[in-house]
Amino acid sequence: MIMPNIGAFIAWGLITALFIPTGWLPNEHLAKLVSPMITYLLPLLIGFTGGRMVYDVRGGVVGATATMGVVVGTDIPMFLGAMIMGPLGGWSIKMFDRWIEGKVRSGFEMLINNFSAGIIAAILTLLAYQAIGPVVLALNRVLAAGVEAIIAAGLLPLANIFIEPGKVLFLNNAINHGILSPLGMKQAAETGKSILFLLETNPGPGLGILLAYWLFGKGISKQSAPGAAIIHFLGGIHEIYFPYILMKPLLILAVIVGGVSAVFTFSLFQAGLVAVPSPGSIFALMAMTPKGNYLGVLSGVAVGTLVSFLVALPIIRRNKGEAEEDMVKATEKMEQLKGKKSKAAEALVRLDQKEVGKIVFACDAGMGSSAMGASILRRKVQEAGLEIEVTNTSISELPADADIVITHKDLTERAKARLPEATHVSVENFLDGSKYDELVERLKRK
């Protein structure tokens, strides 16, 4: 629900960084945009996206309307409430439509459709205003009080003891967008910045791990580490370093110590960002850094990288004579932690007779794993001299002109329902380039 709307979050962050009294270009008139955007625009976008994910645009409309109940009923940015009401609105209208399917007389379809959506949206809006909004508000205040107490006690760096393992267990988006970002947005609206935006998104600890593998690893891990470091640090796709930790689980200590050191440095410089940087690229961090905070942010990233690198060094070099776990197996382990099953791959693809002009990788968010898979296949297609477009997106945004759709096997049925006329390819591991070699060979013969 959050990822498709990151552009709006960044827009809010840029306007905040520029025009609030402590911004780069203070402007009282333009600064009036800040409060309505964070109070109304962002939660409503989240609510619409949540409803649309459940039941397309009809679900999105009901979800956004229901979200208005939690927005008006509270005095804080209601992101958590939107993440509840959006899907609830979409699910409610979906269940109603299923219930009346085949029961509406001809000529009354539009009347029933419009009024059913309006009535259900109105009921959910009142429920959100009276009941759900106050509960979420109370929960948010408890979380905010806990964070403020941790900050006041100077214990914020210790939060990375939980954040770094949580990232490797694929809870990074839940931690960042579900907990830290809503609290950070409230702080940023009041003070112009928040250190909470730097806790999970800092690319430093992960970069330290990849640099250590690059210099002192061996085999496929050493060969792939430089490319992974570029994707991680510049592209902001943090999940690419998770398999490297899973190959040697003790490396979790390196990212924990690196993360704690980085947050201590951020606190020392009183650094913060104006909005959530997503993806966690160094470019995104710099774009969201307010005036006067660049030294603190860069110092924290550098310290996190150095400390993580130094702690990882003896772990990677230890038992150098032992065979490393295969990178593909480690990546499959990552997918298991993400909630995916790992079984032997079936036939890679079944091509029909139509001309292939576009191949699309699709995953839930359309960013992390699908982007990496698309990058691998795009390079192979270019090397083969084929003029075929290779791109990536979320399943909910699959383009109608896609000829081949590549998904993880657990998501293939959803992709087929979305785009049944395309040729669908199921894979178990987006990073296993050997799976794409057969596809490229078939396309070359074709």
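This report describes one helix contact and a set of paired strands in a predicted model.

The axes of helix H6 (residues 204-216) and helix H11 (residues 294-317) come within 7 Å of each other and cross at roughly 40°, and that angle makes H6 oblique to H11. The crossing of H6 past H11 is right-handed. On the H6 side the contact is made by residues including Gly 204, Pro 205, Leu 207, Gly 208 and Phe 216, while among its partners on H11 are Val 301, Gly 304, Thr 305, Ser 308 and Arg 317. Sorted by class, the contact of H6 with H11 has 13 nonpolar, five polar and one charged residues.

The strands form the second topic. Strand S1 (residues 358-363) is mostly covered, with six of its six residues buried, and burial applies to both of its faces: Lys 358, Val 360 and Ala 362 lie on one side, and Ile 359, Phe 361 and Cys 363 on the other. Strand S4 (residues 423-427) is also mostly covered, four of its five residues being buried.

The pairings that involve these strands are listed below.

| Strand pair | Sense | Bridges |
|---|---|---|
| S1 and S2 (residues 389-394) | parallel | six bridges |
| S1 and S3 | parallel | three bridges |
| S3 (residues 404-408) and S4 | parallel | five bridges |

Individual residues give the register of these pairings. Ile 359 of S1 stands opposite Val 390 in S2, whereas Phe 361 of S1 stands opposite Ile 406 in S3. Strand S3, which pairs with S1, is also joined to S4, and there Val 405 stands opposite His 424 in S4.

Methods. Residues numbered from 1 in each chain as written. Predicted model: local features only at pLDDT ≥ 70, side-chain atom pairs only at ≥ 80, totals over all residues. Heavy atoms only, no water. Axes fitted to C-alpha atoms, helices over the stretch in contact; angles between N-to-C directions. Helix = DSSP H or I, 4+ residues; strand = E, 2+ residues; numbered from the N terminus. Parallel < 35°, antiparallel > 145°, perpendicular 65-115°, else oblique. Left-handed = near helix turned anticlockwise from the far one by under 90°. Contact = heavy atoms within 4.5 Å. Nonpolar A, V, L, I, M, F, W, Y, C, P; charged D, E, K, R; others polar. Buried < 20%, exposed > 50% of the residue type's maximum accessible area, 1.4 Å probe, protein only. Pairing = 2+ DSSP bridges.
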